[in-house]
Amino acid sequence: MRLWGLSLAIGTLAGGLLGLRFGWITGVAVGVVSALGVVFFLGRRDRRREALEKAPFPEAWRATLEEWVDYYRDLDEPEKRRFEQEVRWFVDEQVITGPRGAEVEDELKLLVAASAVVVMFGRRGFRYPKLRDIVIYDRSFDEEYGDGGNILGMVHGQGPILFSARSLRQGFRGEHDGHNVGYHEFAHVLDFDQGRADGVPGFMPWAAVHPWLKVMHDETSRVERGRSVLRQYAAKNEAEFFAVATEMFFERPEKLQQEQPELYALLEETYGQHPAERAKRAPKK
Ligand SMILES: [Zn+2]
């Protein structure tokens with residue numbers, strides 16, 4: 001509906017302006033044509049998504065998700081289908097390559113997509129902007145993207161999202177240790193939504209912002225004293241606090257809820273998900 005409204009507004013404006021100069025028939029004609037043009041242009045992504053929805057999800061992709069992504073494995077069947085759909089759209093719409101545009105294997109693409117989908121699974125209809133290329137390096141990299149540094153992932157303010165393949169795999173292989181570079185970097189992407197990352201993403205419910213700032217402040221001082229469930233890196237700045245807390249929220253939700261119920265509840269509200277409940281229901285591995 002919003003699409004039609006916007007198109008109509010643009011069409012009417014274009015038509016009106018021309019109508020002033022060339023008479024109303026020309027004005028109306030131009031208005032209708034430009035409205036249709038805008039609908040066509042803005043609807044491309046929807047049409048592509050619909051076409052993808054009709055094709056069966058690749059079995060090899062399903063096997064990869066089953067093998068690697070606990071979050072997916074614990075979903076019920078309808079939710080699994082929804083997860084697959086989101087993964088497929090993400091892989092289709094985002095540019096995911098190795099350095100200098102090199103091809104990367106499907107398994108890595110799927111781990112990136114799964115990270116993005118897990119983080120936003122509670123917010124139906126959310127769409128990641130298509131603005132950032134995603135580049136996967138074999139190992140960790142340094143500030144100049146050379147080998148051998150200790151950076152596992154990185155999001156630039158305006159530019160690409162970078163991952164090390166090894167740490168991406170480790171994040172999903174880890175024994176729910178609170179580390180997942182995929183969740184971490186997508187938390188940054190969401191936090192960057194208003195131009196800068198400040199630990200308060202724009203989609204955080206308005207009523208949660210003030211309590212969140214307080215929890216973030218208090219918990220940071222506990223991190224600094226080594227008394228927090230969050231790892232040291234969370235104390236680096238607000239953006240890292242949000243990203244590290246997000247990793248913990250999805251990787252060890254029960255632990256986070258137990259140790260810091262208020263922080264957990266605010267993230268629950270923000271992400272629209274209840275991973276601790278799900279963890280209780282899931283069969284123990
Ligand atoms: Zn970070």
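Student: Let's start with the sheet: in what sense do strand 2 and strand 4 pair, and over how many bridges?
Tutor: Keep in mind that this is a predicted model. One of the bridges here joins Ile 136 of strand 2 to Phe 163 of strand 4. Strand 2 and strand 4 run in the parallel sense, and the number of bridges is 4.

Student: And how many bridges link strand 1 with strand 2?
Tutor: Let's look at the partners. Ile 96 sits opposite Ile 134, and Thr 97 has Val 135 as its bridge partner. This pairing is parallel too, and its bridge count is 2.

Student: In what order do the strands of the sheet come?
Tutor: The sheet is open, with mixed pairing among its 4 strands. Strand 1 (96–97) and strand 3 (153–155) are at the edges, each pairing on one side only. That leaves strand 2 paired with strand 1 and also with strand 4. The order is therefore 1-2-4-3.

Student: Which residues of strand 2 point the opposite way from Ile 134 and Ile 136, and are they buried or exposed?
Tutor: Strand 2 covers residues 134–137. Ile 134 and Ile 136 point one way from the strand, and they are buried. The other way go two residues that are buried as well: Val 135 and Tyr 137.

Student: Is Ser 164 buried or exposed?
Tutor: Ser 164 lies in strand 4. A residue needs 20 or more other C-beta atoms within 10 Å to be called buried. Ser 164 has 22 C-beta neighbours inside 10 Å, so it counts as buried.

Student: How far apart in space are Ser 164 and Gly 182?
Tutor: Gly 182 belongs to helix 9 and is buried there. In sequence, Ser 164 and Gly 182 are 18 residues apart. From C-alpha to C-alpha, the separation in space is 9.8 Å.

Student: At what angle does helix 9 run to strand 3?
Tutor: Helix 9 spans residues 181–191 and lies across two strands, strand 3 and strand 4 (161–164). Strand 3 and strand 4 are also among the elements covering its buried residues. Relative to strand 3, helix 9 runs at about 10°.

Student: How many of the residues of helix 9 are buried?
Tutor: Polar and charged types are on the buried list, including His 184, Glu 185, His 188 and Asp 191. The cover includes helix 7, helix 8 and helix 11 (238–251), besides the two strands. Helix 9 is largely enclosed by the rest of the structure, because the buried count is 11 of the 11 residues.

Student: Within what arc do the buried residues of helix 8 fall?
Tutor: Helix 8 (residues 165–173) has Ser 167, Leu 168 and Gly 171 buried. Their cover includes helix 7, strand 3, strand 4 and helix 9. Looking down the axis, these residues line one face of the helix, because they fall within an arc of 105°.

Student: Which helix gives the most to the largest nonpolar core?
Tutor: That core has 57 residues, and those with the most contacts inside it are Ala 114, Val 117 and Ala 245. It draws at least three residues from each of domain 2 (56–186) and domain 3 (198–285). The top contributor gives 10 residues and spans 106–120: helix 7.

Student: Which residues does Ala 245 contact, leaving aside neighbours within four places in sequence?
Tutor: Ala 245 is one of the core residues with the most contacts inside it. Beyond its sequence neighbours, the contacts are Leu 230, Ala 234, Leu 263 and Leu 267.

Student: How far is Met 216 from Ala 245 in space?
Tutor: Met 216 is in helix 10 (residues 206–224) and touches Gly 199, Glu 238 and Phe 241. It counts as partly exposed, because 18 other C-beta atoms lie within 10 Å. Met 216 and Ala 245 are 29 residues apart in sequence, while their C-alpha to C-alpha distance is 9.5 Å.

Student: What is the phi of Arg 100?
Tutor: Arg 100 is in the loop between strand 1 and helix 7. It counts as exposed, because it has 6 C-beta neighbours inside 10 Å. Although Arg 100 is not a glycine, its phi is positive, at about 50°.

Student: To finish, what share of the chain is buried?
Tutor: The chain has 14 helices and 4 strands. Of contacts between residues at least 6 apart in sequence, 59% join residues at least 24 apart. Out of 285 residues, the buried share is 34%.

Methods
Residues numbered from 1 in each chain as written. Predicted model: local features only at pLDDT ≥ 70, side-chain atom pairs only at ≥ 80, totals over all residues. Pairing = 2+ DSSP bridges. Contact = placed C-beta atoms within 7 Å. Axes fitted to C-alpha atoms, helices over the stretch in contact; angles between N-to-C directions. Buried ≥ 20, exposed ≤ 12 C-beta atoms within 10 Å, placed from the backbone. Core = buried A, V, L, I, M, F, W, Y, C linked by C-beta atoms within 7 Å. Domains from an automatic or database assignment. Arc of directions from axis to C-beta.
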